[in-house]
There are 2 protein chains.
Amino acid sequence: MTQPSPAGSNRFEIQARASDSQARSGVLHLHRGDVRTPAFVPLGTKGTVKSLTPREVDQLGFEMILGNTFHLMIQPGADLVADFGGLGEFMRWPGPIITDSGGFQVFSMGHGTVADEVKGRSANGPGRQGRILGIDEEGVRFRSYVDGAEMFMGPETSMEVQAKLGSDIALVFDECTPFHVTREYTAKSTERTHRWLDRCLSWHKANGPEWQMVYGIVQGGVYEDMRRESTAAVAARNPDGIAIGGSLGENKEQMYEVVSWATDELDRVAPDSPRHLLGIGDVDDLIRGVELGIDTFDCAMPTRIGRHGTAVVADPGNRWRLDLTRATARDDSRLLAEGCGCPACSEGFTRAYMHHLIRAKEHTVMRLITLHNLYFIARLMDRLRDAVADNTLPAVAAALRSGANPWDA
Amino acid sequence: MTQPSPAGSNRFEIQARASDSQARSGVLHLHRGDVRTPAFVPLGTKGTVKSLTPREVDQLGFEMILGNTFHLMIQPGADLVADFGGLGEFMRWPGPIITDSGGFQVFSMGHGTVADEVKGRSANGPGRQGRILGIDEEGVRFRSYVDGAEMFMGPETSMEVQAKLGSDIALVFDECTPFHVTREYTAKSTERTHRWLDRCLSWHKANGPEWQMVYGIVQGGVYEDMRRESTAAVAARNPDGIAIGGSLGENKEQMYEVVSWATDELDRVAPDSPRHLLGIGDVDDLIRGVELGIDTFDCAMPTRIGRHGTAVVADPGNRWRLDLTRATARDDSRLLAEGCGCPACSEGFTRAYMHHLIRAKEHTVMRLITLHNLYFIARLMDRLRDAVADNTLPAVAAALRSGANPWDA
């Protein structure tokens, strides 16, 4: 939090723009290092990319990870992390870090997530221990899911915690509206998110580390006028970058449309600002996102499905997923993917062996599939990035969509 | 199971004997490679050293691991493992493997373990799903803890499964008597164990892979005459090696005495046979075991306590244990051990960070502490082995007992 910004940091350098889509490739020059874009950002939610060490994440080829403000302020607490020199030092990740604001998590306690809605889970059902005590203009009062203590998070709190965590990129505190809310609620919420954006930027200007970039967040639900207005409103504040958040729709087609409203607008009003798409990371979504001009993505998918026994493979007919819990894997002597250079495939582990480890409830397998999944996604982003630079994105995207492995596309 | 034994394999070469104790150092030449002794053998119970890959186990410096006949016959089944070329190929561990016979596990379903007794747990309490249906001269009928299916294990079954698993060293099927049983029960059980030894050796001679070594197991409980008789009886059958099993007493002093009865006897009747001590692995026990002339050890301790948040450190006053779940670790910026070259310490993870990960229930930390603990034990065995070879064991053992790190002793 005290180091000066080195010359040339805190800037986004676009190096190539595709001729037939909104795609671009470049480099984010950040306080703790460079990130080549487009890039996927693995989740290090609570101070670790689940089951991996920072050295392994680096060796997979990732240049930035995401930490979670909400979880880290609850455990171990932002002051303790600051005492250790910030999140990067505390967790021994030497590269750039983006922290999300905590808005998504704190509001999820009340709203439930889109996934909850889709799956019919109750937002206050079993397993959700924290809860919202009140939301007003100041922010949100809630109970800690760890010890039940009353806590508060508002725009200034979020920015202060992110300053203590010492991330390279902080996200402003916003309300992440779920899919089911009305147009009227979305309008009011989006307006409040814009007021909170102003408070975040003010706090950061007065108190934040100068080397920390701050991204505004576009809301507006699934309403085109509101998305476009929100995009323009956020861009008008001139933040260091712009994230696209909130409900993106009930299916992929709607999601792509909602994102395109924002990126169309951004191409006009902030063509050189870096853009982050929050919480999206399916293989087809990453391809489409790059075409829409997104620079960075974060998503739980590759790590979460890995922990549940599903590998990411080049199989569009099965949503790029291979479920190793199924009995068909029991005697399958194949690797997860032919030609794959991930730590699991290169050590020769078969699908049958992984199926056995899943049945035997051995944590080793969560790790093996996590390593494979992140390796696949890292190579996918490498391939897309190179294709933008070479201006061969249409052919590469078509090959990937038809089931080529990233290392063959 | 079909490869011929290479010239010079299947033999134990003692290279040095200490002048002031029973300790010796040497090399076990096995089908799949050499193992320098004295050595600790990490548990790969269900086909993985929990949370690690074989490459990591190798990099820690271990040359042999232990697989579990009982667990592997239940899941994934010995035939499937055989179809994949044996346990080593299935789990991608290229080095030697010792398999235990399953006797300990199958009888534990009925008896409970010594640890259960000490801690007052019921052998048939919650969490134990398998159970014994009957024990007779043929073997043991029991219910699978996976699906409740009725299964059988006797001497021939155990040897057949171990042949299918393709381990370098198979252990004979024995009854592992718990501490609480009477002298009369121990006598009867030990006699049956000797009859089972004959059946195991007969089966193996007729059907087993010639490159697979078979170790007999000494029983006899805590009764000196029975231990000595059992040792002599096992040695008289001339197995490839001898393991010391069963109840070794209610405290460390008694355990050392019980082991010494067996090793004293072995020094007379089988001085050149390799000796394995089953299920023992505390730091002080390893030092004493080496002094008593034990060549190999296996134990769940370093991996199990690691998964529960306890690190092995050079602190004799705390039984060489550091409990990272305790609040004192919360802001402790020290590494687990100064000068430690383990993957966790060399990546710079602090006790505070590990404490945080434990609180946050992140599996990453189970792995980090497992890596540290096994590294500590590997270096301990290296140091003891070198000390036997140099004939400096008394001074090295004294330094280790007074709290030196193995890399400083």
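**Helix α15 of chain B**

I began with helix α15 of chain B, which covers residues 364–390 in this predicted model. How far apart should its end C-alpha atoms be? At 1.5 Å a residue, I expected its 27 residues to span 39 Å, and the end C-alpha atoms are 39 Å apart, so the two values agree.

Next I looked up its burial. Of the 27 residues of α15(B), 23 are buried, so the rest of the structure largely encloses this helix. I also checked the residue just after α15(B): B:N391 takes a positive phi of about 60°.

**The side of chain B that touches chain A**

I then turned to the contacts between the chains. I found 32 residues of chain B in contact with 31 residues of chain A. Which elements of chain B give two or more residues to this side? I noted α3 (78–83), α4 (87–91), α14 (351–359) and α15 of chain B. The helix I had started from is thus on the list. The largest share comes from α14(B), with five residues.

I sorted the residues of this side of chain B by type and got 12 nonpolar, 10 polar and 10 charged.

**How the copies are related**

I superposed chain B on chain A. The operation is a rotation of 180° with 0.0 Å of shift along its axis, and the RMSD is 0.0 Å. I therefore recorded the two copies as related as by a two-fold rotation axis. Which C-alpha of chain B is nearest the axis? I found that of B:H363, at 4.0 Å from the axis.

I also asked what share of the interface residues of chain B are interface residues in chain A too. The value is 97%, so the copies meet through the same surface.

**Chain A as a whole**

For the overall fold I looked at chain A, where I counted 16 helices and 16 strands. Its radius of gyration is 21 Å, and the globule rule gives 22 Å for 409 residues; the two are close, so I noted chain A as being as compact as a globular protein of that length. Along the principal axes, I read a span of about 60 × 50 × 45 Å for the C-alpha trace of chain A.

Buried residues make up 56% of the 409 residues in chain A. Last, I took the contacts in chain A between residues at least 6 apart in sequence, and found that 65% of them join residues at least 24 apart.

Notes: Residues are numbered from 1 along each chain as its sequence is written. Chains are lettered from A and ligands numbered from 1 in the order in which they are written. This is a predicted model: local features need pLDDT of at least 70, side-chain atom pairs count only at pLDDT 80 or more; totals for chains, interfaces and linings use all residues. Copies are superposed by least squares on the C-alpha atoms of residues with pLDDT of at least 70 in both. Two residues are in contact if their C-beta atoms, placed from the backbone, lie within 7 Å. Helices (H or I, at least four residues) and strands (E, at least two) are DSSP runs, numbered from the N terminus. The radius of gyration is taken over C-alpha atoms; the globule rule is 2.2 Å times the number of residues to the power 0.38. A residue is buried if 20 or more other C-beta atoms lie within 10 Å of its own, exposed if 12 or fewer, and partly exposed in between; C-beta atoms are placed from the backbone. The expected span of a helix is 1.5 Å times one less than its number of residues. Ala, Val, Leu, Ile, Met, Phe, Trp, Tyr, Cys and Pro count as nonpolar, Asp, Glu, Lys and Arg as charged, and the others, Gly among them, as polar.
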